[in-house]
Protein chains: 2
Amino acid sequence: MLRDVELSKKIDKEEYDKLIPDMRLKLGALQRDLNKSKIPVMLVFEGWHASGKSLMVNEILRAMDPRCFQMHAIDEPTPEEAQKPFMWRFWMKTPPSGLTAIFDQGWYSRFIEEKADIDGKKMLLTSRKEQEAISQIFEFEKVLATGGGSEQSNPYLILKFFLDISKKEQKKRLEKLEDRKVSVFLVNKADWKQHKHYGRYMPVFDRMIELTDAIYAPWKIVEADNWRFATVKVYVTIIDAFNKGLQQAKKVQAKGKKMATMTPVEKEMTGSILDKIDLNKSMPEDEYHERLKTCQKELAELQMRAFEKKLPVVIAYEGMDASGKGGNIKRLSESLDPRGYEVIPIGVPTDVEKNHHYLWRFWIHFPSKGYFTIFDRTWYGRVLVERVEGLTSEKYWRKAYNEINRMEEALSDNGTVVIKFWLQIDPKTELERFKSRETNPNKEWKIDINDWKDRSKWNQYTIAADEMLYHTSTTHAPWHIIPSDDKHYSRITTMDTIIDTIKKAL
Amino acid sequence: MLRDVELSKKIDKEEYDKLIPDMRLKLGALQRDLNKSKIPVMLVFEGWHASGKSLMVNEILRAMDPRCFQMHAIDEPTPEEAQKPFMWRFWMKTPPSGLTAIFDQGWYSRFIEEKADIDGKKMLLTSRKEQEAISQIFEFEKVLATGGGSEQSNPYLILKFFLDISKKEQKKRLEKLEDRKVSVFLVNKADWKQHKHYGRYMPVFDRMIELTDAIYAPWKIVEADNWRFATVKVYVTIIDAFNKGLQQAKKVQAKGKKMATMTPVEKEMTGSILDKIDLNKSMPEDEYHERLKTCQKELAELQMRAFEKKLPVVIAYEGMDASGKGGNIKRLSESLDPRGYEVIPIGVPTDVEKNHHYLWRFWIHFPSKGYFTIFDRTWYGRVLVERVEGLTSEKYWRKAYNEINRMEEALSDNGTVVIKFWLQIDPKTELERFKSRETNPNKEWKIDINDWKDRSKWNQYTIAADEMLYHTSTTHAPWHIIPSDDKHYSRITTMDTIIDTIKKAL
């Protein structure tokens with residue numbers, strides 16, 4: 001509770017002048033160590049208006065190497081940001097490994113401004129909109145702070161400061177700012193509104209802090225009526241957290257084990273979901289061409305309507321090699337207006353992507369309102385290829401089921417339609433398609449040595465896929481398993497599914 | 001001249017239906033080859049309103065692999081883009097190696113909308129604003145199409161189409177669009193305005209095409225009164241250009257040679273600029289501290305004024321290792337409001353950066369109006385480290401002098417102040433600083449084995465720097481050579497220079 005805090009704590013000038021130079025040096029040294037250890041850091045400064053957030057940020061930045069930090073002053077969303085899910089613009093600002101991002105106000109201020117119903121009578125953050133936002137914030141920090149476990153970035157070190165001042169002190173400061181010509185423009189209506197309703201804001205801040213305090217992303221309340229006390233407390237807190245972060249990083253992270261080859265008995269135990277799929281479904285040539293035309297026409301119209309209604313759509317394709325993802329996407333995309341969609345092929349992460357959280361490279365591509373993003377392979381790589389090839393340890397890919405569910409839920413809560421396809425084929429079909437690719441000069445480009453390698457792991461991929469389908473089929477983002485031995489059937493069925501789903505959402 | 005073109009050329013339906021399927025296949029195959037050869041491609045579609053640009057783009061996209069293209073429909077600049085130099089948003093959209101970017105209208109339409117004085121009486125694109133824009137466009141295409149020569153991306157294959165229709169045909173199409181409920185919203189005032197002044201626009205288009213036609217980025221005029229003829233011509237042109245592009249790519253690019261170690265005579269010939277620098281300049285401790293305070297205060301005020309006046313500022317630091325770039329930047333940045341500046345350290349390019357033109361990673365960081373960008377090492381790496389280490393062949397680093405001059409000129413024409421520092425030290429000073437870094441635990445992080453390696457190339461770097469200073473000191477972006485054996489003197493002098501330059505610009 002904020003009011004349990006003793007705001008009048010003080011440090012006198014002499015002591016302060018003795019402490020600060022040393023702390024600056026220490027912080028600078030620790031920051032370079034974090035940089036060397038490739039640990040990404042996020043420091044968030046929140047607090048009452050006129051509590052000195054910007055001053056504090058400036059003080060901390062003085063101690064830092066300007067090449068190792070990124071500073072973000074967060075204000076209203078830009079027009080582009082306003083078209084994206086709530087947390088998108090913060091995902092865009094998560095720093096790469098080794099850098100420190102400092103937020104002069106962050107997602108909390110934005111939550112208060114954009115989502116919280118302060119003016120109303122109930123202020124317990126219980127409306128659906130508020131709860132969704134809080135849970136998205138919670139998930140954002142959790143997923144970053146507990147990430148890692150593969151060749152991708154280390155877990156994020158996250159610290160959140162709330163600068164707390166009394167109503168009396170706030171008034172004094174606002175008046176002082178208004179008194180001076182150089183600072184009068186810093187005070188606006190919103191400041192005085194908050195001051196007037198100080199008592200209403202307090203329980204909101206309290207509850208917000210309570211709901212989002214976590215051991216991996218803790219809140220630090222800073223008594224800030226006395227500037228010197230506040231500064232020293234912030235320094236001490238950061239230095240302590242940086243020290244601990246460095247120690248933890250030294251514990252080596254175990255790499256994953258590749259999935260072992262299976263015994264015959266184990267083979268029988270697999271495939272409880274995928275086994276049930278009837279792969280004999282097919283569609284004759286002439287029916288296919290007719291249906292294709294109708295579907296493409298309908299999709300073109302739906303895209304227009306989705307644009308008008310500002311409905312964002314994510315369409316995700318997974319499936320074994322040669323299961324027909326590319327062909328499916330081609331038929332889908334050629335029906336769409338290219339100004340309104342993007343196809344994102346997902347492969348081995350680039351080194352820039354490796355320096356971010358594993359979900360970052362998907363977040364940055366999520367569509368604006370009214371647009372489509374089509375993923376050719378997806379974030380499910382974490383629980384498929386990374387699991388089978390042992391790129392990620394079990395602890396981390398298991399955790400991914402929930403992380404992914406929460407991410408898709410956040411998309412859905414923000415109005416995005418998420419459509420996921422698993423294209424299922426028989427191993428014999430794959431073999432035939434591989435062979436035909438090798439001999440057909442128009443298709444040869446589609447196959448390389450890796451495809452043959454992965455093929456030997458068919459069963460392991462099947463187990464991984466089966467488990468994935470079980471854990472990540474949710475109400476807001478169900479999987480559609482598509483029998484794809486017959487390409488015609490597969491293409492028309494995915495299109496039908498997309499049409500149905502978008503129609504329902506409109 | 002557009003009116004030399006016979007617009008009524010036709011192809012009948014039967015022939016068209018025979019030609020197109022084969023052309024689609026060919027184009028798809030070539031695109032995959034380009035992808036494999038890592039050649040980046042830009043196709044730009046311009047033309048009269050209602051000439052069918054979007055339809056043509058859609059047709060071409062049908063033939064392409066949706067994973068290998070990026071489609072950009074260019075409209076008015078976003079609020080963010082409007083804060084940047086004219087070509088910035090197009091630099092942001094240059095595709096990485098192997099991808100094809102298709103522009104449904106590009107920089108030419110934007111030039112016409114934003115820069116050209118169509119309503120006036122003179123329409124020869126002779127105003128200063130128009131000429132600057134044309135020269136920036138010219139330079140943009142040239143630098144991309146003739147790039148390469150290092151480990152970075154291949155030269156860009158650029159094709160520009162102008163879809164030409166007669167005034168009569170334009171009227172027919174606009175009326176037809178307006179007649180139908182589904183398309184009436186596609187027609188607006190600007191369309192009819194262009195139609196009304198068709199005769200005025202023609203010489204502007206003509207002159208624009210004439211001024212920007214180049215062998216490495218040619219204009220293709222497409223007679224588009226007949227849709228089928230236009231489509232076939234576009235296909236034929238692209239297929240031909242892709243074929244030629246692939247053939248050229250096969251000619252292996254020679255790598256650069258490292259600069260050879262010098263004979264004593266050669267050593268005497270070097271340093272005509274840097275030799276003249278008096279390195280004995282210094283500033284006593286107490287004077288330094290006093291001046292530092294005044295300079296920092298003045299810089300803080302100037303930053304505020306630059307923000308108000310929307311003046312963008314680029315500050316670039318180059319110099320040998322241990323010449324004091326970091327310390328200079330620290331003293332500068334701590335005086336600035338962190339919400340208004342960014343420090344960009346330049347090192348070995350990431351693999352994403354390597355897949356773009358070598359200037360791309362600088363362009364994306366150029367400041368918005370009112371902001372500062374501080375570069376710790378710069379685009380001059382092309383003519384310094386890349387030259388000395390033989391990463392780029394002589395042909396390409398020599399070309400870079402002019403490319404860089406033109407880039408800085410574009411910044412300057414768009415109102416950006418460019419301040420460049422070369423921090424000059426004596427080799428003895430470097431040695432002392434390296435030694436002190438090794439023994440001082442607070443500075444140890446600053447030195448590694450590469451620093452010692454580069455040191456042995458002092459003379460080669462000096463020759464490269466000397467030549468660079470000669471070729472790239474321009475009126476719009478002069479070099480400031482700062483004697484930096486004494487850190488105090490160096491820091492105060494750079495700050496003074498920044499203060500003077502910004503004051504003059506305000």
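# Close-up views of a two-chain model

**H5(A) and H9(A) pass each other in a right-handed crossing.** A crossing has this hand if the near helix is turned clockwise from the far one by less than a right angle, and is left-handed if it is turned anticlockwise. This is a predicted model, in which local features need pLDDT of at least 70 and side-chain atom pairs count only at pLDDT 80 or more, while totals for chains, interfaces and linings use all residues. Residues are numbered from 1 along each chain as its sequence is written, chains are lettered from A and ligands numbered from 1 in the order in which they are written, and side-chain values use heavy atoms, leaving out hydrogens and water. Helix H5 covers residues 107–114 of chain A and helix H9 covers residues 198–212; helices (H or I, at least four residues) and strands (E, at least two) are DSSP runs numbered from the N terminus. The two helices pack at an angle of about 130 degrees, with 12 Å between their axes. Here axes are lines fitted to C-alpha atoms, for helices over the stretch in contact, and angles run from 0 to 180 degrees between N-to-C directions. H5(A) and H9(A) are therefore oblique to each other (under 35 degrees is roughly parallel, over 145 roughly antiparallel, 65 to 115 roughly perpendicular, and the rest oblique). To find the contacts (heavy atoms within 4.5 Å), look for Tyr108(A), Phe111(A) and Ile112(A) of H5(A), which meet Tyr201(A), Val204(A), Phe205(A), Met208(A) and Thr212(A) of H9(A).

**Helix H9 of chain B, residues 198–212, has the span expected of a helix.** Its 15 residues should cover 21 Å at 1.5 Å a residue, and its end C-alpha atoms are indeed 21 Å apart; the expected span is 1.5 Å times one less than the number of residues. Among its buried residues are Tyr198(B), Met202(B), Phe205(B), Asp206(B) and Ile209(B). Buried means under 20% relative accessible area, exposed means over 50%, and partly exposed lies in between, with a 1.4 Å probe and protein chains only. The partners of the buried residues of H9(B) include helices H5, H6, H7 and H8 of chain B, as well as strands E4 and E5.

**H7(B) and H8(B) pack with their axes 10 Å apart.** Their angle is about 155 degrees, which makes H7(B) roughly antiparallel to H8(B). The crossing is left-handed. From H7(B), Lys167(B), Gln170(B), Lys171(B), Leu174(B), Glu175(B) and Glu178(B) meet Asp191(B), Trp192(B), Gln194(B), His195(B) and Lys196(B) of H8(B).

**His49(B) sits in the loop between strand E1 and helix H2 of chain B.** His49(B) is buried, at a relative accessible area of 15%. Beyond its neighbours within four places in sequence, His49(B) contacts Ile165(B), Gln170(B), Ala190(B), Asp191(B) and Gln194(B). Two of the helix residues from the previous view turn up again here: Gln170(B) in H7(B) and Asp191(B) in H8(B). Ala50(B) is in this loop too; although it is not a glycine, its phi is positive, about 65 degrees. Ala50(B) is partly exposed, with a relative accessible area of 21%.

**Lys38(A) lies in the loop between helix H1 and strand E1 of chain A.** Its phi is near 60 degrees, a positive value in a residue other than glycine. Lys38(A) is partly exposed, at 38% relative accessible area.

**H6(A) and H17(A) make a left-handed crossing.** Helix H6 (residues 128–145) and helix H17 (residues 394–413) of chain A pack at about 145 degrees, and their axes are 10 Å apart. Arg128(A), Glu132(A), Gln136(A), Glu139(A), Lys142(A) and Val143(A) in H6(A) meet Asn402(A), Glu403(A), Arg406(A), Ala410(A) and Asp413(A) in H17(A).

**Trp360(B) belongs to helix H15, residues 360–363 of chain B.** At 11% relative accessibility, Trp360(B) counts as buried. Leaving aside neighbours within four places in sequence, Trp360(B) is in contact with Trp91(B), Met92(B), Thr94(B), Val352(B) and Glu353(B). The C-alpha atoms of Trp360(B) and Leu144(B) are 9.6 Å apart, with their positions 216 residues apart along the chain.

**Chain A can be laid on chain B by a turn of 180 degrees and a shift of 0.0 Å along the axis.** The RMSD is 0.0 Å, and the relation is that of a two-fold axis; copies are superposed by least squares on the C-alpha atoms of residues with pLDDT of at least 70 in both. Of the interface residues of chain A, 97% are also interface residues in chain B, so the copies meet through the same surface.
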